[in-house]
Amino acid sequence: MSTQNFTPYDGVNQILSALLEKAKTILTDQFVGMYLYGSLSSGDFHPDASDIDFLFVTRVALPAATISKLETMHNELWKSEMDWASKLEGSYIPQIPLRRYEANGEAYPTINEARFYVAPHGSDWIIQRHIIREYGKALEGPDPKTLIDPVLPDEIRKAVTGILNEWWFPMLEDPSWLRDHDSHYHSYAILTMCRALHALEYGTIVSKPIAAKWAQEKLGGKWIQVIQDALDQRIDAGHFELFDDAMELIKITKELAS
């Protein structure tokens with residue numbers, strides 16, 4: 001297997017090259033393209049904190065036999081102990097439903113937190129489509145702008161509001177999930193609120209560091225340091241107790257979003 005220089009990181013290039021080669025062998029003429037998105041395409045990837053977000057586009061929905069082969073392939077990658085194999089997160093989506101998000105859509109092969117499963121996409125895929133279209137990097141295949149319709153600012157605002165209402169705001173009544181997770185999740189919550197507030201104001205999605213800098217200027221006061229602590233903790237540059245701050249920022253986000 002030859003390793004292609006998709007990114008500045010040798011280990012990431014190795015796992016991406018292996019994934020592309022193996023998936024193309026399984027997909028054969030179903031293969032349309034493979035894309036990177038998330039921090040690897042936005043330029044804020046950090047080896048100690050980031051995932052490898054990928055998307056495969058297929059011509060039509062995959063038959064059960066092909067999905068089974070993909071699951072076996074991903075299990076073999078995880079067992080291979082290749083660097084970054086456990087950080088792969090992505091989906092296999094046919095090109096027609098990729099073009100525009102539809103609620104109650106079909107189920108798609110998905111990889112998340114070293115698990116392979118088949119499930120419909122939630123409304124967060126309005127946001128993911130926008131990110132892939134605007135910032136995605138084609139490892140092989142056509143420009144993602146030719147595959148995905150533009151996502152309007154109000155669609156992004158609606159999707160962000162839905163995620164906040166479904167996942168984050170209920171933590172104000174029951175914070176047990178966030179409390180039970182470690183400090184990296186608390187910094188993640190803070191940076192996610194920064195990104196959500198920016199998206200609600202501008203109707204677009206930017207990287208966490210860019211949103212964090214904007215939120216420091218917007219919120220001011222103690223939040224300048226708190227947000228910096230969250231950024232530092234994200235890359236293991238310090239350890240900070242941020243649970244109370246995370247809860248407070250979720251509350252502020254709810255107030256500003258209403």
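Colleague: Is His-186 buried or exposed?

Modeller: In this predicted model, the place of His-186 is in helix α8. Its relative accessibility comes to 8%, and since the cut-off for burial is under 20% relative accessible area, His-186 counts as buried.

Colleague: Which residues does His-186 touch, not counting residues up to four places away in sequence?

Modeller: With those sequence neighbours set aside, the partners are found both at lower numbers than His-186 and at higher ones. They are Leu-178, Arg-179, His-181, Leu-242, Phe-243 and Ala-246.

Colleague: Where is Ser-187 found, and which residues does Ser-187 touch?

Modeller: Ser-187 is found in helix α8, and at 2% relative accessibility Ser-187 counts as buried. Leaving out residues up to four places away in sequence, Ser-187 touches Ala-230, Gln-233, Arg-234 and Leu-242.

Colleague: What covers the buried residues of α6?

Modeller: Helix α6 runs over residues 153-168, and its 16 residues reach 21 Å from the first C-alpha to the last, close to the 22 Å expected at 1.5 Å a residue. The buried residues of α6 are Ile-156, Ala-159, Val-160, Gly-162, Leu-164 and Trp-168. What covers them includes α5 (124-135), α8 (183-202) and α11 (243-257).

Colleague: Why does Leu-77 count as buried?

Modeller: Leu-77 is found in helix α3, which spans residues 64-79. Leaving aside neighbours within four places in sequence, Leu-77 is in contact with Ile-15, Ala-18, Leu-19, Lys-22, Met-82, Ala-85 and Leu-88. Burial requires under 20% relative accessible area, and Leu-77 counts as buried because its relative accessibility is 3%.

Colleague: What distance separates the C-alpha atoms of Leu-77 and Ala-189?

Modeller: Along the chain, Leu-77 and Ala-189 are 112 residues apart. In space, the separation between their C-alpha atoms is 30 Å.

Colleague: Which value does phi take at Thr-28, and where is Thr-28 found?

Modeller: Thr-28 is found in the loop between α1 (10-27) and β1 (31-37). Although Thr-28 is not a glycine, its phi is positive, at about 50°.

Colleague: Is Asn-104 buried or exposed?

Modeller: Asn-104 is found in the loop between α4 (95-98) and β4 (107-112), and its phi is near 60°, a positive value in a residue other than glycine. The relative accessible area of Asn-104 is 79%, and as the cut-off for exposure is over 50%, Asn-104 is exposed.

Colleague: How many helices and strands are there in the protein, and how does its radius of gyration stand against the globule rule?

Modeller: There are 11 helices and six strands in the protein. The globule rule gives 18 Å for 258 residues, and the radius of gyration is close to that value, so the protein is as compact as a globular protein of that length, with a radius of gyration of 19 Å.

Colleague: What share of the contacts with a separation of 6 or more is between residues 24 or more positions apart?

Modeller: As a background to the contacts, buried residues make up 49% of the 258 residues in the protein. Among contacts with a separation of 6 or more, the share from residues 24 or more positions apart is 63%.

Colleague: How far apart do the centres of the positive and negative side chains lie?

Modeller: The accessible surface of the protein comes to about 12,600 Å², of which 49% belongs to carbon and sulfur atoms. The protein has 24 positive and 37 negative side chains, and the distance between the centres of the two sets is 6 Å.

Methods: Residues are numbered from 1 along each chain as its sequence is written. This is a predicted model: local features need pLDDT of at least 70, side-chain atom pairs count only at pLDDT 80 or more; totals for chains, interfaces and linings use all residues. Side-chain values use heavy atoms; hydrogens and water are left out. Helices (H or I, at least four residues) and strands (E, at least two) are DSSP runs, numbered from the N terminus. The radius of gyration is taken over C-alpha atoms; the globule rule is 2.2 Å times the number of residues to the power 0.38. Buried means under 20% relative accessible area, exposed over 50%, partly exposed in between (1.4 Å probe, protein chains only). Contact means heavy atoms within 4.5 Å. Accessible areas come from the Shrake-Rupley method with a 1.4 Å probe; for residues, only the protein chains shown count as cover. Lys and Arg count as positive and Asp and Glu as negative; His and the chain ends are not counted. The place of a charge is taken as NZ of Lys, CZ of Arg, CG of Asp or CD of Glu. The expected span of a helix is 1.5 Å times one less than its number of residues.
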